Structure formats: structure tokens, C-alpha cells
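Hi,

Here is the structure I said I'd pass along. Have a look at it first, and then read on for what turned up in it.

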Amino acid sequence: MDVERFVELLTGNFDNKEQFEQMKASGKTFPYAQHVNTVCNDKIKNIPNDFNGIFIVEESYYETDGRRHASPHLFLITDSNDGIMLSSYEIPEGEDKNTFSYDSMKTVEYSKLKKSEKFTPAIYKEKNGVWEGGSVSHFTPVMIFCLWEKFSEECLEVSESMEVNGKKTFGYDEPIIYKRV
């Protein structure tokens, strides 16, 4: 099943240490970033029997100038007619949005999960063992979030940017290249 192969590539512990060191050596400012992606269906109660999706807690940590910032997410991976779809869900009620992680996640009822209304689901297609895709989300009329990713056995390549009124407020000119740790 494509969903399971996709999730295998995506789950685990990753960082961009190699890329970070190269950027640092060339004098460029770039974050040291870590990704911890964990399947969390075991923490969701009463998932319907015919449910084919896989929920993942994504813990992203970015460090720049000695300051560390966490960015946790809850995603659902499903099969779609167009490829593999990644949908974003709100951090479950009662959880701390700043420190949410797989380890801290409390058991939650499936019926209590809320799909993010802001995030446009990302679609990924596979070609020669590499999954590529993304989406553009209009968080507000003037705030646009762009996501483009490539996943392979070698690495996770992630490009994210946020624009407000046409000006980039977040993101880097080069994708972050995460390798499995």
C-alpha cells in the first residue's frame, strides 16, 4: 500500500546537521533543524474500522542564533485519487500547542479531532522511489503559506515559506535537507 510506504519514509528522527555545517562554513545564516515524526494512531480511540489513514505527530525544532523554537503538528496521511494526501489537524484540545509531542500526547477520541480549516491538503506523487508534492494555503486573505517537499530513502527535503502582503516573513531560499539520524 502506498500510504504505508510513504509513512515509512516520513517517520523517524531526522536533522539537517550536514547542511547546517556546510552553510555555517560558507558564512550563511541557516537554522539547525530537527524533525521527529511518529505514527500516533495508537493514541486515538474509536477510529472507525474502515479507516485507512495514518495519523502522525510531527515535532519540528529550529535553532538559530542559540534560540530554539518548536513547531509541532498533527497530520493525517491518506490515499487519494491524485496520490498521497497530507491533511493537517488542530492540536487536540487540552494539549499545549508549544510543547505537543508524541510522548506528551494524551489519548484522544477520534470524533474530537478537528481538521485544520486553514491548511490546504498537500498531494504527493511517487516517481522512481521519490515522493514529491505540496500545497499553497491561504491562511488569511493576505497570508499565504507555501509547502513543497521531496521524500526519498536519502532525505526529506522541505521548503516552507510564509508571505504576508506579498512579503516573505518566514522561510529560506534553499530547502532544509533532513537526513535520518
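One thing before you start: this is a predicted model.

Let's begin with strand 1, which covers residues 12-15. It runs antiparallel to strand 2 (residues 32-39), and four bridges join the two. If you want a spot to click on, go to Asn-13, whose bridge partner in strand 2 is Val-36. Strand 1 also pairs with strand 13 (residues 176-180), again in the antiparallel sense, over two bridges. There, Asp-15 has Lys-179 of strand 13 as its bridge partner. So much for that corner of the model.

Next, the pockets. The largest pocket holds about 1100 Å³ of space. It is lined by 39 residues, and those closest to its centre are Ser-71, Pro-72, His-73, Phe-139 and Phe-145. Where does the largest share of the lining come from? Strand 5, with nine residues. Other strands join in too: at least two lining residues each come from strand 2, strand 4 (54-64), strand 6 (83-89), strand 9 (130-140), strand 10 (143-151) and strand 11 (156-164), and strand 5 itself spans 67-80. As for the chemistry of this lining, it has 20 nonpolar residues, ten polar ones and nine charged ones.

The second largest pocket has a volume of about 160 Å³. Its lining consists of Glu-90, Ile-91, Pro-92, Glu-93, Val-108, Lys-112 and Lys-114. By class, that makes four charged residues, three nonpolar ones and no polar ones.

Last, take a look at strand 8, residues 122-127, which pairs with two of the strands that help line the largest pocket. With strand 6 it pairs in the antiparallel sense over three bridges, and Leu-86 has Ala-122 of strand 8 as its bridge partner. With strand 9 the pairing is antiparallel as well, this time over five bridges. One place to see it is Lys-125, whose bridge partner in strand 9 is Glu-132. Strand 8 and strand 9 form a hairpin, with two residues between them. In that turn, Asn-128 has a positive phi of about 55°.

If you'd like a route through the model, try the pairings of strand 1 with strand 2 and strand 13, then the largest pocket around Ser-71, Pro-72, His-73, Phe-139 and Phe-145, and then the hairpin of strand 8 and strand 9.

Cheers

Conventions
Residues are numbered from 1 along each chain as its sequence is written. This is a predicted model: local features need pLDDT of at least 70, side-chain atom pairs count only at pLDDT 80 or more; totals for chains, interfaces and linings use all residues. Side-chain values use heavy atoms; hydrogens and water are left out. Two strands pair if DSSP finds at least two bridges between them. On a 1 Å grid over the protein atoms alone, a cavity is a set of points where a 1.4 Å probe fits but cannot get out, and a pocket is an open set with protein on both sides within 12 Å along at least five of seven lines; lining residues have an atom within 4 Å of a point. Grid points are joined across faces, edges and corners, and a volume is the space filled by probe spheres set on the points. Ala, Val, Leu, Ile, Met, Phe, Trp, Tyr, Cys and Pro count as nonpolar, Asp, Glu, Lys and Arg as charged, and the others, Gly among them, as polar.
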